Amino acid sequence: MNFTRFLVSLLALIACSQAATLAQSPSKKVVFIAGKPSHGYGAHEHNAGCQLLCRELQLAMPVAFGNCEVHLNGWPSESYSFDGTDCIVMYCDGGVKHMANEHLAQIDALAKKGIGIVCVHYGVEVPKGESGDKFLDWIGGYFEPHWSVNPHWDGKFEKFPDHPISRGVQPFEINDEWYYHMRFREGMQGVTPILVALPPASSLSRPDGPHSGNPAVRKSVLEDKTPQVMAWAADRPGGGRGFGFTGGHDHWNWSEPNFRKVVLNAIVWCAHGEVPAQGVESPAVTLKQLEANMDPKNKPANFDREKLREKFKLPADEANARNVQAQGPRTVVNDNDPKHRADSAVANLDVAPGLQATLFAAEPDVANITNIDIDASGRVWACDVKNYRWEKRKLPAAPRPEGDRILVLEDTDGDGKADKQTVFYQGRDIDSAHGICVLGNRVIVSALDKVQVFYDDNSDLKADAADGKVKCDVLFSGIGGAQH
């Protein structure tokens, strides 16, 4: 069999295998929306918390939930489309500053489509009135000032309902800012309590206030001894689902497997996914992984990593090393936050012992690199993509009218950084290129519905052309579902 026939057969085999896998386990899309930095070190770590939960979900269910996004530091830009989303997760500050207050109509439209809505910690609090009424519709309840309270206490959870979110969850006890005495739908219609416990009297030791206490909650807890709900699931008319979770103040608590499993199970359930019989079994989390992506805040002088590791029984930083392939296709949308510059991002990579990661190239020189290959001279060939599904994203025109590019990046002075860039080829026929292979004078590019071969016989790092027409052979074509 010649090389061309072999490659075509291999591509067909891979395509059939992937199609069969997707047919058996359709992928769900979850969009995590993290709020802006808030509170002190290790508290309200919305950005780090969302990225951690996203990674754990993808590691546990890479096929069913490999398509997840994390939006940092607030609501996505106005041009962002939620098309294809199955669930949104809001982990953010709440009250009058809640990101949802300015996007009620947009979120309501998503809810009416059946998209799941999950709110974590302060993200369950909104003002009474229009926002509160929407939260009752979307997730079945919310933190209502002068009705609900937000003390820190040891929540001890021993019994769980017969519900998919409870699968695999074992009794656990943990200190957090557990909100309670939520405002729920009348008669708890469609609402299932998931985490329930009776708070201690000490949790109501503060004077009355919008968050600290009121006569109704004191009667409920101190006189009537009514167990309180700290996490709940809600069914919406039409089939949509919601979930509220009041824990999550202390970032380190995400290391507790049952604490984490409740939220991961809920995300799967709200996305209309199948929660595994033993729940979402995400790998153990190390302290290094918890510290990754945390907002730049002043670390307390008495911060003791080893004491924290011992308290939460965390494994050594190297004990749970995961390679890049195992992490799956995680997409993190930056929203141009200056604290997430490319040079800072390198420090957040998990690098195996004995290896080192340094910055080779970054924006604005390159953008959205989807694939690379390295030739015999050590040059990096890269698919530089901007025109991916721009029509589906409802953009008025392709971001790059001239077409996407194949770049050649060189380090001519040996300092480990790209200092020379050459455009090998650019055109609309390689929009959203997702594969490149350099074999001597041949450059194979996968894009749209074709696998094409370009040539560089004169070694000038430019696609050969004759009479103004680029020399190109179509190696394989006919793939459906272009740019998907």
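## Glycine 190 and its surroundings

Glycine 190 lies in the loop that connects β8 (183-184) with β9 (191-197), strands being DSSP runs of E of at least two residues and helices runs of H or I of at least four, numbered from the N terminus. This is a predicted model, in which local features need pLDDT of at least 70 and side-chain atom pairs count only at pLDDT 80 or more, while totals for chains, interfaces and linings use all residues. Residues are numbered from 1 along each chain as its sequence is written, and side-chain values use heavy atoms, with hydrogens and water left out.

Glycine 190 counts as partly exposed because its relative accessibility is 35%, where buried means under 20%, exposed over 50% and partly exposed in between (1.4 Å probe, protein chains only). Beyond its neighbours within four places in sequence, glycine 190 contacts Arg185, Ala233, Ala234 and Asp235, contact meaning heavy atoms within 4.5 Å.

## Nonpolar cores

The largest nonpolar core (buried Ala, Val, Leu, Ile, Met, Phe, Trp, Tyr and Cys residues joined through side-chain atoms within 4.5 Å) has 61 residues, of which Phe32, Leu57, Leu195, Phe243, Phe245 and Trp254 touch the most other members. Helix α6 (residues 257-270) supplies the largest share of this core, nine residues. A second, separate core of 33 residues includes Ile107, Ala111, Trp138 and Phe143.

## Confidence

The chain has an average pLDDT (the predictor's confidence in each residue, from 0 to 100) of 88, and 87% of the residues score at least 70. Over residues 1-25 pLDDT stays under 50, as it does over residues 320-331. Where pLDDT is low, the predicted coordinates should not be read in detail.
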